[in-house]
Each structure stands twice: as C-alpha cells, then as structure tokens.
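Here's a quick walk through one protein chain, from the outside in. Have the model open while you read, since the residues are easiest to follow on screen.

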Amino acid sequence: MPNELVVLDALTLDDGQLFHNRKGKPRPWIRPLAPLADTHGHLTCFDGHDPAVALCRAALAGVRLLVVPVDPTDDVPDAPAFLDWLERQLERARQHLASCQDGGLAVPQFAAYPNAPELLDDVHIVAGAHPYGSASLDDAALTRLDALLDSPRCVGVGEIGLDYGPYNELSRDVQIAAFRRQLAIARDRDLPVELHIRDPKDPDDHSAHDDAVRVLRQEGVPQAGCDLHCFTDGPQVMEPFLQLGCHVAFGGAVTFKKSDDIRAAAAACPSQLILSETDCPYMAPVPLRGEECEQAMVSFSAACVAQVREERAGIDALRTYEDLWSNACQLFGLPVGR
C-alpha cells in the first residue's frame with residue numbers, strides 16, 4: 001500500500017477542469033448521462049496518484065460506485081491493516097472533496113437517480129488470488145482471503161481466473177486448480193466472481209478463454225453472477241461467456257485506435273450484461289492514453305461504449321449509460337437509487 005506520508009499528485013483543479021495531460025493541458029470530457037460505475041479499479045497499485053485524491057476526482061467525474069479488487073497473495077498481506085487503510089483513504093477523500101466543493105466544484109447530480117449513493121459511501125471490494133498468485137494460495141492466504149470476504153465492504157470474489165500471457169510463468173494446471181477452488185468459495189458464500197482471463201501472445205490462440213469456459217461449465221457459474229473483467233477481444237471470444245450468462249466489462253482499451261474488435265464486442269454485448277470499468281492504474285483511455293489511469297477515467301470509456309452502441313446497434317446513449325449503472329448495481333447486490 002502507498003506511503004501516506006508522500007503526496008504523489010495534486011488535484012490540479014484550479015482551472016475547474018478535471019483532467020489534464022502531463023504537461024498540464026486540460027482534456028475535455030463528456031459529462032455522464034447517469035451515475036458511473038467503475039466495477040474494477042485498483043487503489044493499492046498507484047505509482048503517481050494519491051488514492052484519496054483519485055477517489056475525490058472520481059466523485060467529481062460522476063462516479064457513484066467503485067469496486068476495488070484486492071489480492072491476499074500479493075497486495076494485501078494483512079487484511080485488517082488493509083481495511084483500516086481503506087477507511088483512512090475514504091476519510092481523506094472526503095476532506096479533499098469538501099475543499100473542492102467549497103471552491104465551486106460540484107459532484108454531478110442525476111435527476112433520474114435521486115437516491116443513488118455518493119461515491120465515498122459506495123466503495124466496495126472483491127477479494128481473490130490473481131492467476132499470478134495461484135501457487136501462493138496456501139492456508140495462510142486462504143485465511144486472509146476469508147477475512148477480506150467477511151468484510152461488510154466485500155461484494156464478490158476476484159480477480160480470479162487464468163493467465164497464459166508472457167508475464168505468468170505458472171503452469172496451467174496450477175492456475176486451473178486455484179480457479180476451481182475460488183469458484184467453489186464464491187458458490188459457498190453466494191458471491192459473484194470477477195474473472196481475469198489472458199490468452200497467449202499469439203492472436204489466434206484463445207486457449208485461456210477456452211479453458212475458462214470449460215471450467216465454468218464443469219464447475220457451474222456462481223448463481224450470484226460472473227463478470228468477465230477487462231475484456232479485450234472480439235465478439236466470437238465473448239459469445240461463449242454470454243451463453244453462460246456472464247457480464248462483460250469494458251475499460252480503456254475500448255477507446256484505443258486499433259481496438260475495432262473490442263468496439264465490435266461492446267456493440268454486440270446484450271444490454272443486460274454490459275459493464276464499465278477502468279482496471280486502473282492500467283490502460284488509461286484516449287485522450288489520456290499513456291498516463292496512469294484512475295477511477296475518474298471510466299467517464300471516457302463509458303462515453304465511448306455509449307457512442308459505439310448508438311452508432312452500430314442503434315441503442316440510445318442514455319440507455320447504455322443506464323444499463324452500465326444498473327447492471328453493476330444488480331450484479332453486486334447494491335441499490336440502483338431510482
């Protein structure tokens with residue numbers, strides 16, 4: 001977790017603009033038509049952002065729900081310490097937000113959602129061993145996982161799954177065993193799961209997705225639901241997961257110039273299964289690509305998804321914004337706030 005004595009960035013909101021590039025130039029953004037949900041945004045992995053500042057900026061961008069993934073084999077070696085740390089970040093974010101509002105920066109309001117919670121009252125966690133930590137899912141890690149899953153803030157198990165990409169040296173058997181074990185935990189606790197699935201580098205090799213579908217069919221998708229997090233493939237790869245009733249989450253990659261296949265998937269995804277996320281601090285969206293991503297940037301990804309679905313599928317942009325919000329709330333058992 002970041003050292004709280006180090007101020008990693010500043011709000012840079014003196015000009016009333018939420019987003020700036022590294023040279024300080026403002027970047028315009030599209031105001032959301034409904035509350036925004038970041039269904040997968042890390043808080044423990046920032047290099048250049050203060051987590052409390054990021055939470056404040058997200059609230060000012062219209063984010064009303066954040067789900068933070070935490071890993072008991074990696075970034076959370078002590079569950080109670082992490083949960084205390086999270087509460088401190090939220091309190092610091094409240095202080096930042098009060099100062100911003102005193103200076104004339106307002107949190108967006110949504111007339112159709114008068115009872116939607118404020119972001120800083122709607123931050124939750126999912127907990128699980130990332131595929132990178134599959135071999136470390138021992139008794140001690142499972143004890144930490146249980147402590148995280150027992151937290152009132154916990155709404156799911158994740159991110160779990162399979163990673164056959166170039167950064168993971170663990171065998172497929174080890175990963176599949178950890179995946180099965182955590183699916184069973186989710187079923188026992190009646191919690192949804194967030195999946196991390198990465199294929200090998202060969203663009204024609206979808207073996208990680210194929211194996212994940214096979215495991216889900218064998219073990220059963222948890223009744224509470226399943227989210228295919230950070231989807232970066234096309235409609236064909238997505239289809240078997242849709243047949244299983246899985247949600248599909250789109251992040252910054254949907255905005256990239258060469259991501260036509262991802263945009264095709266975003267256009268084709270059923271309205272009741274589509275989600276928005278950032279996976280921050282990774283994959284900042286255009287026009288901030290190359291920056292460290294933060295939760296507020298879900299506004300760019302959601303706008304892109306809404307535009308793509310309107311242009312390619314004839315789905316009104318407001319409908320997409322509303323689907324992105326209501327689907328996230330329903331998956332994690334949270335109030336929509338109508």
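Let's start with S299: setting aside neighbours within four places in sequence, this serine is in contact with F19, W29 and L36. Keep in mind that this is a predicted model. S299 sits in helix α8, which covers residues 298–313. Its relative accessibility is 2%, so S299 counts as buried, the cut-off being under 20%. The side chain also has a polar partner: one of its polar atoms lies 2.9 Å from the backbone oxygen of A296.

**The chain as a whole**

Zooming out, the protein chain has nine helices and eight strands. Its radius of gyration is 19 Å, close to the 20 Å from the globule rule for 338 residues, so the chain is as compact as a globular protein of that length. Along the principal axes, the C-alpha atoms fill a box of roughly 55 × 45 × 40 Å.

How much of the chain is buried? Of its 338 residues, 60% count as buried. The accessible surface comes to about 14000 Å², and carbon and sulfur atoms hold 49% of that. As for contacts with a separation of 6 or more, 79% are between residues 24 or more positions apart. On the charge side, there are 29 positive and 51 negative charges, and the mean positions of the two sets are 5 Å apart.

**Helix α1**

Helix α1 runs over residues 51–60, and 10 of its 10 residues are buried, so the helix is largely enclosed by the rest of the structure. Among those buried residues are P51, C56, R57 and L60. What covers them? The cover includes β2 (63–70), α2 (79–102) and β3 (123–127).

Both ends of α1 are worth a look. At the start, a side-chain oxygen of D50 comes to within 2.9 Å of the backbone nitrogen of A52. After the helix comes G62, with a positive phi near 100°.

**D163 and L191**

D163 belongs to strand β4, residues 154–163. With a relative accessible area of 0%, D163 is buried. Which side chain does D163 pair with? There is a polar contact of 3.0 Å between the side chains of D163 and R198. A polar atom of the D163 side chain also lies 2.8 Å from the backbone nitrogen of G165. Not counting residues up to four places away in sequence, D163 touches H130, P131, Y132, N168, Q175, H196 and R198.

L191 is a loop residue, placed between α4 (172–189) and β5 (193–198). At 14% relative accessibility, L191 still counts as buried. Its C-alpha atom is 9.3 Å from that of L149, although the two are 42 residues apart along the chain. L149 is also on the list of residues that L191 touches, along with V155, G156, V157, A186, P222 and A224, again leaving out residues up to four places away in sequence.

**Polar distances in one place**

Here are the polar distances mentioned above, for checking against the coordinates.

| Side chain | Partner | Distance |
|---|---|---|
| D50 side-chain oxygen | A52 backbone nitrogen | within 2.9 Å |
| D163 side-chain polar atom | G165 backbone nitrogen | 2.8 Å |
| D163 side chain | R198 side chain | 3.0 Å |
| S299 side-chain polar atom | A296 backbone oxygen | 2.9 Å |

Terms used
Residues numbered from 1 in each chain as written. Predicted model: local features only at pLDDT ≥ 70, side-chain atom pairs only at ≥ 80, totals over all residues. Heavy atoms only, no water. Helix = DSSP H or I, 4+ residues; strand = E, 2+ residues; numbered from the N terminus. Rg over C-alpha atoms; globule rule 2.2 N^0.38 Å. Buried < 20%, exposed > 50% of the residue type's maximum accessible area, 1.4 Å probe, protein only. Contact = heavy atoms within 4.5 Å. Areas by Shrake-Rupley, 256 points an atom, 1.4 Å probe, with all protein chains shown as cover. Lys, Arg positive; Asp, Glu negative; His and termini not counted. Charge placed at Lys NZ, Arg CZ, Asp CG, Glu CD. Polar contact = N/O pair within 3.5 Å; in protein donor to acceptor, adjacent residues only side chain to side chain.
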